[in-house]
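Good morning, everyone; I would like to take a few minutes to walk through one model with you. Please have a look at it first, and then I will go through its helices, a loop residue and a pocket.

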Amino acid sequence: MMPQERNGDEAMVILQTLLCMLREKNLLSRADIEELCDRVAMRAAQAERDPIPCCATAARAAADEMAKIGTYIGRHYGGKHRRM
C-alpha cells in the first residue's frame with residue numbers, strides 16, 4: 001500500500017475506536033449514532049453547497065464508512081433507535 005493510499009487511516013482507527021468507547025460508556029446513544037449517520041449522509045449529498053468545503057468523493061466515502069460504523073455499533077451495543 002502506498003503512503004497516499006493510507007492517508008487518513010490512522011485518524012479513522014482513532015475515530016472508530018472513540019465512537020465505540022463513547023457508546024460503551026453510554027455517553028452516546030444508538031439514537032445519537034443514527035443521527036450522526038444521517039448528518040454525514042446529508043453533508044455528502046450536498047457537498048457542493050456545504051458551507052465547510054470538502055471533496056464530494058471524500059464526503060460520500062465518509063457517509064459509507066459512517067453507515068458501516070453505525071450498523072456495527074447498533075448490532076454490537078444495541079440500544080433504542082431514535083424516534084422519528
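How many residues does α2 have, and how far does α2 reach from its first C-alpha to its last? α2 has 16 residues and reaches 23 Å between those two atoms, close to the 22 Å expected at 1.5 Å a residue, where the expected span is 1.5 Å times one less than the number of residues. Helices here are DSSP runs of H or I with at least four residues, numbered from the N terminus.

Before going on, I should say that this is a predicted model, in which local features need pLDDT of at least 70 and side-chain atom pairs count only at pLDDT 80 or more, while totals for chains, interfaces and linings use all residues. Residues are numbered from 1 along each chain as its sequence is written, and side-chain values use heavy atoms, with hydrogens and water left out.

Staying with α2, its buried residues (under 20% relative accessible area, with a 1.4 Å probe and protein chains only; exposed is over 50%) are Arg30, Ala31, Ile33, Glu34, Cys37 and Ala44. Seen down the axis, they fall within an arc of 165 degrees, so they line one face of the helix; the arc is taken from the directions from the helix axis to the C-beta atoms. Their cover includes α1 and α3, with contact meaning heavy atoms within 4.5 Å.

Turning to α1, Leu19, Cys20 and Arg23 are buried there. These residues cover an arc of only 95 degrees around the axis, which puts them on the same side of α1, and what covers them includes α2 and α3. The face turned away from that buried side carries the exposed residues Ile14 and Glu24.

Between α1 and α2 lies a loop that holds asparagine 26, whose phi is near 60 degrees, a positive value in a residue other than glycine. Asparagine 26 is exposed, with a relative accessible area of 59%.

Lastly, which elements give two or more residues to the lining of the largest pocket? They are α1 (9-24) and α3 (56-77), and α1 gives the most, with 5 residues. A pocket here is an open set of points on a 1 Å grid where a 1.4 Å probe fits, with protein on both sides within 12 Å along at least five of seven lines, and lining residues have an atom within 4 Å of a point. The volume of this pocket is about 210 Å³, and its lining has 9 nonpolar, no polar and 1 charged residues.

Note on methods:
Points joined across faces, edges and corners; volume = space filled by probe spheres on them. Nonpolar A, V, L, I, M, F, W, Y, C, P; charged D, E, K, R; others polar.
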